[in-house]
Amino acid sequence: MDNGSSIALLLHEDALSPNDCHLSEILDLFEIPWTTLTIAEANGDNVAALTAGHLQFSILTSAPCLAEVLQRCKTEALPTWLAAAASIFVYGFQATDPCQALLRQITGDPAAEVRDSNPWPMNVSVTDAFPEMCGPMSGLQIRLERGAADAALVIRNSQLQSIVGAPDGHLFAGFTNCGVRFFVDSSLTMVDIRERTATYFDVKKRFAGAVPIVMYLKWAFRDVCLAATETSACLIIDDPPLWPRYGLLDFDELLQLADKLTFATTVAFIPWNWRRTNRRTVAAFRESKGRLSVCVHGCDHTRGEFAARSLELLDKRLKTVRLRMQALRNTTALDHENVMVFPQGAFSPEAASALKRNGFIAAVNTEVAPANDAPNGTTVADLWSVAIVRYGSFPIYTRRYIDHGIENFAFDGILGKPCFIAGHHDLLRGHGSELAAFLRQLAALRWTLRWRPLEEAVCRSYSIRPNGEAIAVRMFAERLLFENSEEVTRRILVTKREPQLASLKGITVNQDMVPYEHLDGCARLMVDVPPGGSADIRVHHRQLDVSPDSDSIRYRLGVALRRYLSELRDNYGYLLRLRV
């Protein structure tokens, strides 16, 4: 890490506790430099040595640990080395005398107390007065489920800033003591981001130990923390063929709504339908100026077709996909986004590798773990990253349904993830009134939201941070679009995880093959982007020479029957709505 940056000091007892380890993992995820400091080592000389070369340092510690440090001082004043910190984050306030005494000392409130939080669902409020820390979550009212918060801090101090308030106190608050900014978090434990998970992260269920620490780190270490300059967004509607109307979806109505609210929609198109398109609808897509586009949604859209474990079978299916989408382009002049949305969200680890070999730049999915009996390696850390790259180092971007709640979209925004909304034709019920209301909520959040077609949104979803004279860029998709709007050349150091060097064919920048280095399982290259210029960076992989899938007549009849029945179901629901 370059000199002049911030560093985190993890203050702990003699041995690292599980919570200390969980904190260190979160710091590593955001690539924040950190070091440890034990209570016994805590003095000015050691702190100066540990933080040498860094512009400033902030301290992260538990309440029992800080209580012991201050107890040893035997004075109300903070030790000089502690007072030199840019900020201090304290969590783990237990309902014990030492923790109660610490809270009263640092807040200046002699009646401050730690109170067990009501186990029943409760409404909490995020302040709108600290957007630098709270970002898109600013001003939100969130109904937490039982167990999502485990304690509250009751503090009566006129100088206190409540960051997350609860009915019986504060879940997260900030104040100044002896010139030092303190941030107290009522969370008793930190989330273990190495924990494996088979479902999306939900702040309504896991608020404590997650939201406050992420808010704090993104604010306190904004000069070194991986971040996104803006949030790309896209609405993704699964299944509909390119007809004027499908179920509750009317494309003319959708376009009118998109023009009014300025959003972009990508239809997850089933390649099996390539022959079954309406000329006028296709023309509307071509002429929509980015408001409407199509990506790939499986092959035949059979259950679990991309949950298969056979690489040969997966490659054959993807060759069939390629032929069908090429035929769609040849007959309609409509191009498609080079992104896969898995049918029913089902995928296997091998499917990710097959997509990479077949030239896809990313997948976007609602399910976060492999289907059936495939081993699940997905962790909370994967869900907090811009994209999951655990399977074949191929990016799987996550998307959410509206009923996941605005607070989860906002938390994803703090993490630097894109805003991808999932839905089917019924998302347009009531002429899109529910969708419109939700889009207005998104627009009201404190963030820079850019609506784009899916492939462009994926290619612009990356993380950056200063890195000396260059800008470090963490690439996730197999393609990256970087624009330089400044009046000077910008040098970017692009890093992408590529552990399988043998499968890497090469990297191009604006279609020219360029040199790169492979180090520690990552491909790295330096690119100079001229003023007002752009860099289109693509990673190319070697493909297997296999023939497209050749299915039996029985299988093809079964696929056709499934498609027609699905359409009957969706359109029958639409007809019922008309009758009502």
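**Entry 1. Strands β29 and β30**

I began with β29 and strand β30 (residues 522-529), which pair in the antiparallel sense over 3 bridges. The model I am reading is a predicted one. For a single position in this pairing I looked up Leu519, and I found Cys522 of β30 opposite Leu519.

I then placed the two strands in their sheet. The sheet is open and has 5 strands, in the order β23-β24-β26-β30-β29, and its pairing is mixed. I noted β23 (463-467) and β29 (517-519) as the edge strands, each of which pairs on one side only. From one strand to the next, the twist averages 30 degrees.

**Entry 2. The sheet of 4 strands**

I next examined an open sheet of 4 strands, whose order is β25-β31-β27-β28 and whose pairing is antiparallel. Which strands stand at the edges? I recorded β25 (479-483) and β28 (512-514); each has a single partner strand, so one side of each lacks a neighbour in the sheet. Here the twist from one strand to the next averages 30 degrees.

Within this sheet I looked up the pairing of strand β27 (residues 504-509) with strand β31 (residues 534-541), which is antiparallel and runs over 5 bridges. I checked Gly506 and found that its bridge partner in β31 is His540.

**Entry 3. Helix α3 and Thr61**

I turned to helix α3 (residues 63-73) and listed its buried residues, which include Ala63, Cys65, Leu66, Ala67, Val69 and Leu70. What covers the buried residues of α3? I noted among the covering elements the strands β1 (6-12), β3, β4 (87-91) and β11 (180-185), together with α4 (80-83) and α5 (97-107). Just after α3, I found Lys74 with a positive phi of about 55 degrees.

Since β3 is one of the covering elements, I looked up a residue in that strand. Thr61 lies in strand β3 (residues 56-62). Is Thr61 buried or exposed? Its relative accessible area is 0%, and because buried means under 20%, Thr61 counts as buried. Leaving aside residues up to four places away in sequence, I recorded that Thr61 touches Leu11, Leu66, Phe89, Val90 and Tyr91. Of these, Leu66 is also one of the buried residues of α3.

**Entry 4. Helices α10 and α11, with Ser310**

I looked up the packing of helix α10 (residues 311-332) against helix α11 (residues 349-357): the axes come within 9 Å and cross at roughly 45 degrees. The two helices are therefore oblique to each other. I recorded the crossing as right-handed. On the α10 side the contact is made by Leu311, Leu314, Asp315 and Leu318, and on the α11 side by Glu350, Ala351, Ala354, Leu355 and Arg357. By class, I noted 6 nonpolar and 3 charged residues in this contact, with no polar ones.

I also checked Ser310, which is placed in the loop between β16 (292-296) and α10. Ser310 has 36% relative accessibility and so counts as partly exposed. I compared its position with that of Ala363: the two are 53 residues apart in sequence and 19 Å apart in space, C-alpha to C-alpha.

**Entry 5. Helices α7 and α13**

I looked up helix α7 (residues 211-220) and helix α13 (residues 406-415), which pack at an angle of about 35 degrees with their axes 10 Å apart. The crossing of α7 past α13 is left-handed. I listed Val211, Val214, Met215 and Lys218 in α7, which meet Phe411, Ile414 and Leu415 in α13. The residues of this contact divide into 6 nonpolar and 1 charged, with no polar ones.

**Entry 6. Helices α8 and α14**

My last entry concerns helix α8 (residues 251-261) and helix α14 (residues 429-444). Their axes lie 11 Å apart and the packing angle is about 25 degrees. Why do I enter α8 and α14 as roughly parallel to each other? Angles under 35 degrees count as roughly parallel, and α8 and α14 are therefore entered that way. The crossing of α8 past α14 is right-handed. I recorded that Glu253, Leu257, Lys260 and Leu261 in α8 meet His431, Gly432, Leu435, Ala436, Leu439 and Arg440 in α14. By class, this contact has 5 nonpolar, 2 polar and 3 charged residues.

Terms used:
Residues numbered from 1 in each chain as written. Predicted model: local features only at pLDDT ≥ 70, side-chain atom pairs only at ≥ 80, totals over all residues. Heavy atoms only, no water. Axes fitted to C-alpha atoms, helices over the stretch in contact; angles between N-to-C directions. Parallel < 35°, antiparallel > 145°, perpendicular 65-115°, else oblique. Left-handed = near helix turned anticlockwise from the far one by under 90°. Contact = heavy atoms within 4.5 Å. Nonpolar A, V, L, I, M, F, W, Y, C, P; charged D, E, K, R; others polar. Pairing = 2+ DSSP bridges. Buried < 20%, exposed > 50% of the residue type's maximum accessible area, 1.4 Å probe, protein only.
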